[in-house]
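Welcome! Here is a short guided tour for anyone meeting this structure for the first time. Have a look at the model below, then read on.

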Amino acid sequence: MANENNTTKVAATTSYDAVIVGAGFAGMYMLHKMRGMGMTARVYDAAKGVGGTWYWNRYPGARCDVMSHDYSFSFDKELEQEWEWSEKYSTQPEILRYANHVADRYELWPDMQFETRIDSAVFDENTKRWTVKTDQGDVISAMHVVMATGTLSAAKQPDLPGHETFAGETYMTSKWPHEGVDFTGKKVGVIGTGSSAIQSIPIIAEQADHLTVFQRTPNFSLPAGNSPTEKKFITDLKSDYPTYRQAAKESFFGVPVEVTDDLALDADKTERDAKYQEGWDSGSLVGVLGAYADLLFDKEANDTAAEFVREKIRATVDAPELAELLCPDDYPFGTKRPCLDTGYYEAFNREDVRLVDLRKTPLDSMDTNGVNTTDEHFDFDVVVYATGFDAMTGAVTRVDISGLDGKKLADEWEGGPQNYLGLCVSGFPNFYVVTGPGSPSVLSNMMVSIEQHIEWIADLMQYMRDNDKSTVDPSIEAQEEWVAHVAEAGDGTLYPLANSWYMGANVPGKPRVFLPYIGGCGPYRERCDEIAAEGYTGFVLA
Ligand code: FAD
Ligand code: NAP
């Protein structure tokens with residue numbers, strides 16, 4: 001952490017093999033990988049330091065919901081042996097320390113530039129290079145552009161009419177102040193009930209004088225069962241980490257869990273509930289969802305798991321009407337991203353916590369004193385926006401990117417993201433999106449997906465160098481086929497039944513498209529590897 005903001009803001013040279021946008025885990029690994037190949041690269045980030053997600057999202061209660069030992073790099077055996085996680089689900093400060101440790105360990109700092117936003121990237125057909133411009137006036141020439149910009153990094157801005165007139169404090173979970181926020185003695189309103197809200201609400205409730213939670217859509221949340229790291233478990237794991245990591249790579253969600261072929265509707269209720277209980281007790285995102293093979297594909301099967309979770313909510317929340325309000329009932333379990341919590345439903349048993357159902361009384365406006373719904377005025381000292389992100393595409397389309405024939409990427413994606421393997425966009429040579437739409441990405445343990453993409457991109461760069469190629473660009477046919485395949489895979493599941501950010505439904509005007517690829521991490525990796533082994537089928541290398 002000592003290294004935050006200690007790099008020079010003036011690039012030593014303005015020409016690199018690659019510009020890497022983003023200094024989260026993806027950007028840092030890309031830089032490390034390229035350096036190892038003897039290539040030059042410079043990382044740019046709008047933040048003041050590394051860590052991406054874990055730099056920005058410092059709200060109370062922020063922690064990972066994939067187990068710490070899974071949510072860590074596997075590319076260096078020494079790194080994974082030396083790092084010790086203190087909890088099953090690590091806190092944001094600990095994950096940020098890990099990100100800084102990675103930057104220190106591999107001496108990445110000199111090639112990273114902070115407080116610098118990439119504004120535009122234009123491909124020059126004559127030089128076959130990108131010209132990249134920053135908001136600090138840098139103009140950089142690069143053969144490759146790697147968008148390590150994150151899938152959940154483009155925050156939705158507060159858009160309530162009158163927002164700017166509010167005299168109290170406002171905070172976004174996705175841009176939390178470094179010095180923290182003291183809620184003691186304050187009247188607080190939280191807008192949203194996604195993962196960020198669900199993690200922060202129990203802690204804010206404890207501190208604040210009174211907390212009002214504005215809920216538009218209830219979420220399914222499962223108990224994290226967080227605990228200090230068990231020494232024996234970690235020692236055993238570390239004694240054969242490579243086998244474990246390999247299983248993660250081959251798995252569906254990037255976490256090695258036992259896969260079942262059992263179908264929920266083949267079992268009776270007693271048997272099913274016993275299995276769901278086991279999943280519930282495991283304190284993991286995939287515990288209940290992974291209990292049967294048909295839960296994401298068959299609505300009737302899914303209903304059995306959804307009802308199991310609803311029963312848990314009813315058993316936790318004392319007031320029956322309030323419990324019903326907190327029970328999701330209009331989308332299948334798992335099709336909006338489920339959450340892991342510590343005391344979320346319990347917080348609503350406090351007398352100083354109130355839930356407002358925005359479906360009955362929608363938000364209307366803000367004024368000097370607080371928030372108005374269509375029915376009532378609420379006085380607040382503090383309003384917290386936990387309203388989420390323009391996920392998967394937002395961070396990419398917010399940069400002005402021009403490819404061949406002056407084509408703009410934002411225009412090409414107007415009707416939904418177009419790309420091949422979720423990695424490359426036809427007409428935008430030498431341009432890569434890490435964990436982009438059309439790849440397993442947010443449906444997986446992101447560390448596994450990040451490593452896979454970075455390694456695949458690095459191999460492609462190496463192949464180009466070895467074979468004297470100056471550009472790589474997916475063919476339009478390969479791209480169309482891939483986009484159709486991603487859509488077909490999504491349509492075969494229950495995901496399209498939810499108004500989720502997976503579907504782009506949380507951003508007004510965004511096309512309704514299932515953004516990630518549900519083919520599974522392992523099979524997706526295999527397909528990517530086959531394509532590389534065949535000499536990059538579907539790509540035009542010139
Ligand atoms: P990010 O960490 O998002 O980093 C992207 C960086 O790019 C940011 O720092 C941003 O400032 C920068 N950037 C973007 N655009 C520009 C630009 N134009 N110019 C300059 N800089 C730019 N995933 C899991 O698998 N498990 C979890 O438990 C988990 N928990 C999460 C918790 C929260 C609160 C959130 C928001 C996400 C979580 N995720 C989780 C997803 C998480 O985003 C990924 O796991 C991972 O951290 C992404 O790393 P990244 O490097 O790809 O992107
Ligand atoms: P989110 O899941 O998109 O939740 C945003 C919440 O705000 C939703 O409840 C949404 O309601 C509500 N909302 C948005 N705009 C609104 C408006 N105009 N009026 C009223 N309500 C509004 O965002 P998030 O909680 O930041 O989480 C995003 C993703 O980041 C997660 O799904 C997860 O992948 C990751 N994450 C993980 C963790 C973790 O546990 N490790 C923690 C935080 C985030 P609707 O549902 O009705 O749109």
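A good place to begin is ligand 1, where an oxygen atom of the ligand lies 2.7 Å from a polar side-chain atom of Asp45. Keep in mind as you explore that this is a predicted model.

**Around the two ligands**

Asp45 has company at ligand 1: 33 residues surround this ligand, and those that come nearest are Asp45, Thr53, Asp65, Tyr71 and Met446. Tyr71 also offers a polar side-chain atom, placed 2.6 Å from an oxygen atom of ligand 1. With Val66 the backbone takes part instead, since a polar backbone atom of this residue is 3.4 Å from an oxygen atom of the ligand.

Ligand 2 has 23 residues around it, and Arg63, Ser196, Thr217, Lys336 and Arg337 come nearest. Thr217 places a polar side-chain atom 2.4 Å from an oxygen atom of ligand 2. Thr193 takes part through a polar backbone atom, 2.9 Å from a ligand oxygen, while Trp501 has a side-chain N or O atom 3.0 Å from an oxygen atom of ligand 2.

Here are these polar contacts side by side:

| Ligand | Residue | Part of the residue | Distance to a ligand oxygen |
|---|---|---|---|
| ligand 1 | Asp45 | side chain | 2.7 Å |
| ligand 1 | Tyr71 | side chain | 2.6 Å |
| ligand 1 | Val66 | backbone | 3.4 Å |
| ligand 2 | Thr217 | side chain | 2.4 Å |
| ligand 2 | Thr193 | backbone | 2.9 Å |
| ligand 2 | Trp501 | side chain | 3.0 Å |

**Two pairs of helices**

Now let us turn to how some helices pack. Helix 15 (residues 446-466) and helix 17 (residues 521-533) have axes 11 Å apart, at an angle of about 0°. The two helices are therefore roughly parallel to each other. On the helix 15 side, the contact is made by Val448, Ser449, Gln452, His453 and Trp456; helix 17 contributes Cys521, Tyr524, Arg525, Cys528, Asp529, Ile531 and Ala532. By type, these contact residues are 7 nonpolar, 3 polar and 2 charged.

Helix 8 (residues 269-281) and helix 10 (residues 299-316) also have axes 11 Å apart, but their packing angle is about 60°. Helix 8 and helix 10 are therefore oblique to each other, and the crossing is right-handed. Here Arg272, Asp273, Tyr276, Gln277 and Trp280 of helix 8 meet Ala301, Thr304, Ala305, Phe308, Val309 and Lys312 of helix 10. This contact between helix 8 and helix 10 brings together 6 nonpolar, 2 polar and 3 charged residues.

How values were computed. Residues are numbered from 1 along each chain as its sequence is written. Chains are lettered from A and ligands numbered from 1 in the order in which they are written. This is a predicted model: local features need pLDDT of at least 70, side-chain atom pairs count only at pLDDT 80 or more; totals for chains, interfaces and linings use all residues. Side-chain values use heavy atoms; hydrogens and water are left out. Axes are lines fitted to C-alpha atoms, for helices over the stretch in contact, and angles run from 0 to 180 degrees between N-to-C directions. Helices (H or I, at least four residues) and strands (E, at least two) are DSSP runs, numbered from the N terminus. Angles under 35 degrees count as roughly parallel, over 145 as roughly antiparallel, 65 to 115 as roughly perpendicular and the rest as oblique. A crossing is left-handed if the near helix is turned anticlockwise from the far one by less than a right angle, and right-handed if clockwise. Contact means heavy atoms within 4.5 Å. Ala, Val, Leu, Ile, Met, Phe, Trp, Tyr, Cys and Pro count as nonpolar, Asp, Glu, Lys and Arg as charged, and the others, Gly among them, as polar. A residue is near a molecule or strand if one of its heavy atoms lies within 4 Å of it. A polar contact is a pair of N or O atoms within 3.5 Å; within protein, one must be able to donate a hydrogen and the other to accept it, and residues adjacent in sequence count only if both atoms are side-chain atoms.
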